[in-house]
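Hi,

Here's the structure I promised to pass on. Have a look at it, and then read on for what turned up in the salt bridges.

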Amino acid sequence: MIVTKSWLNEWVDLSGITTDDLVKTLNSIGLEVDSVKTYKIPNKIIFGRVLECVKHPEADKLSVCQVDIGESTRQIVCGASNVRAGLTVVVATIGAVMPSGLVIKPVKLRGIESDGMICSASEIGLEDLQDGILELDGSIGKFKLGQEVCTNTFFNDDIIEIELTANRGDCLSIRGVARDLGAAYDRILKDKNIKENEEKRVGIGRVLTFSHENNLDVSVRYKAVDVENINLPFIIKLRLAQINEKKSTNIDSILLYATHSSGVILRAYSHEFLSVNKESMAKIELVKDNNGFVCVMAQNRASVVGVIQDEESRISVDNGVIFIEASYISPEIISRKMQEVKINSDALYYKTSRGSEPELNVGLDFCLNLIELNSSSVVYGGAIEYAKVDEDRIINVTKSEIDEIIGANIDKAKIANILKNLGFNKIKSSTDSFVVLVPKFRHDIYNKQDIAEEIVRLVGIDNIPSKAFAFTEENRLKDDYFSYKKRSIYRHKAAYSGFFESVSFVFDDKKTLKKYGFETVDESLELLNPIISTLDTLRTTLLTGLLKSASHNSKNGYSSIKLFEVGSVFNSKREESMKMAMLFSGYRESENLTNSGKPMKVDFALFAQALSDIVGSFELQQYNTAHSLSHIYQCAKVLIDGKPIGELFRLHPDVENCYDLDVTFMCELDFDKLPNELKRAKKSSKYQASFRDLSIIMPKKMSYEKVKSTIESSASSELVRFYVVDKYSDKSLGENMSLSIRFILQSFEKTLEEDDISSVMDSILESLKNKLGVGLR
């Protein structure tokens, strides 16, 4: 947002305040100043008036001018095409040093003496606001011929560029910034309402008919003007150049100037576009299109309210009857619609989507007053409007609550004055409470914390007294610390195991999530104004983000990729939880002498071992994932202490090809369920352990889970653990297969003898035979 000090001064009295003070104040109230540019017109550059202008006898493109500079008249040869008698101009006199370094001296041009230079905007250091020399008028206030230009407020100005946060759309206008400054300096915002004498005007109903559908989400207000002999004041040209804007017609320039000044979205339509012919009445109809946008319709569509104006309906000439529209639509509504259905937009959509000024008459009257002052135009009486009635947003807050949030005791009268200056209305208040009506232009105020933030902003964080730390014996290691510590431990474990951390946004592409069958956030809870279209929802998994990172690494030539991420995900109700995800793609190691330059690729067992190195011991169960990223034959549920904590799988070959990846394995775990208890010493036997292998014949369709649970139910205390070492099948076994299981037995009492071992094994075999009908091979 670009403002100038003189422009702000038209809306709030800034007398006695330097630019440095102004910048400090803007920064302190949260309107961060990005840059300041000061105009310093050199000395000896003065105001003058061209009394006479004749063609140079020896040069067609030069003119010989007699210029009144107050104390005398100087002859100046000028090459500008727009120089003529009667112009008020800027004159660089003898001895003036121009911003370019040029020193003005008496010269002869084609034999004619010239004592000075009539200046263009760029020659005195201003933006290039018009072709040729500057043409001044009364819009810059009172001045005398011969007076130095640098003494005029508008030529001795400072351009301030403010970096606004997305929620401060109310400050996307001079009036909005001035309102905040008025609150900071306790100065009243100047009233710009123009009182019209409606009795002597022809009514707008003579030239315009208006109809609309019901329950529209917009507010619009129309005025009619018969434009004639309109001139653009110098100050408007200058300020539009300062904000890097230039329009093709004077009407468009005034509309843009009024929009930037007041914050109200203004557009203009010609009578010809809105009517069948010149003699017929114009017609405007407000309707909703198929996408839910409110459109201004005549014979054809003129605009989409708050979004874009069709080129055919724009003003192309500065005369004739035109209709000026002031519009407002809630930024939440228009942003949500544009997120649902992306359509083309113009420059004014940015202001609409961030929050424009809802007080339409302020901008409309301001614009019409400029037109009347600078033309012989006739404004029609009355206005036609459609207004959406919004519910008032009321916040109840007590002074004690504000003091508690801020951490300081703020005087109640000061709080009331700040709220008043910011445009908040108090419906009623008691000794310790406020009932605050939030103004419609403050779309970012929803609760008492927001009210307290406004108070802090205006009081100034540096003016809130600091408090000494309270040292107590209370244990300060809260849940947040232990959560941080746990996360740090697992991140370091993953890094020690050779995995690199990937850090992604908490946003994701909704289309990608839906494509692979992941849960997505409910439509009613979706982001209103995403950063970009490919990050349009909160992520519900870490897997897609890891895939994108792995794909980038693969395309950069890495043949072995090991990544992990610990971060937040959200369910369909936007409830947050913490997940940990890992990815291993390509070769298990780099080329070296031990693998003869031909390393093997990662497999299920290696990835499971890598995961075990990080999270400790776990079990795997047969499992089918709910999404379609996984290979249907290589996926498993991960369990710790019998409780499921996540899933482990190989990436489906089609997905690997889609992301240009080699063989890839992934897992995603519920981080809150990962163990983080204190390490406890366990009793260990001093006697030697014994090993026994059993090969049993079992049906191929029987799950290992049944065998495992049967062994556990019949095992004695001597059985330490057991695990599968081999699986075999051939034609002779038919529908059966051979499963080899290794058992580790150990006693705390003695070294086990053969009879003891045989007794344990016989008990296991008998249980397998009785419960499952399986026996030795």
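Which residue's side chain meets that of R301 in a salt bridge? It's D310, with N and O 2.9 Å apart. Before going further, keep in mind that this is a predicted model.

The two partners in that pair sit in different classes of accessibility: R301 is partly exposed at 32% relative accessibility, whereas D310, at 17%, is buried because the cut-off for buried is under 20%.

Some background helps here. Side chains of opposite charge can pair when their charged atoms come close.

Now find R179 and E357. They form a salt bridge too, and their closest N and O atoms are 3.7 Å apart. R179 belongs to helix α3 (residues 174–185), while E357 is in the loop between α8 (348–354) and α9 (360–373), so this pair ties together parts that are 178 residues apart in sequence. Both ends are tucked away by the numbers: R179 is buried with a relative accessible area of 7%, and E357 is buried at 5% relative accessibility.

Next, try K388 and D390. Their side chains meet in a salt bridge with 2.4 Å from N to O. K388 is partly exposed, at 24% relative accessibility, and D390 is partly exposed as well, at 29%.

There's also a network to trace: R168, D170, D180, R442, D444, E454 and R457 are joined into one by salt bridges that share partners.

And the total? The count comes to 36 salt bridges, so there's plenty to click through, given that each is a Lys or Arg side-chain nitrogen within 4 Å of an Asp or Glu carboxyl oxygen.

Cheers

Technical notes
Residues numbered from 1 in each chain as written. Predicted model: local features only at pLDDT ≥ 70, side-chain atom pairs only at ≥ 80, totals over all residues. Heavy atoms only, no water. Helix = DSSP H or I, 4+ residues; strand = E, 2+ residues; numbered from the N terminus. Buried < 20%, exposed > 50% of the residue type's maximum accessible area, 1.4 Å probe, protein only.
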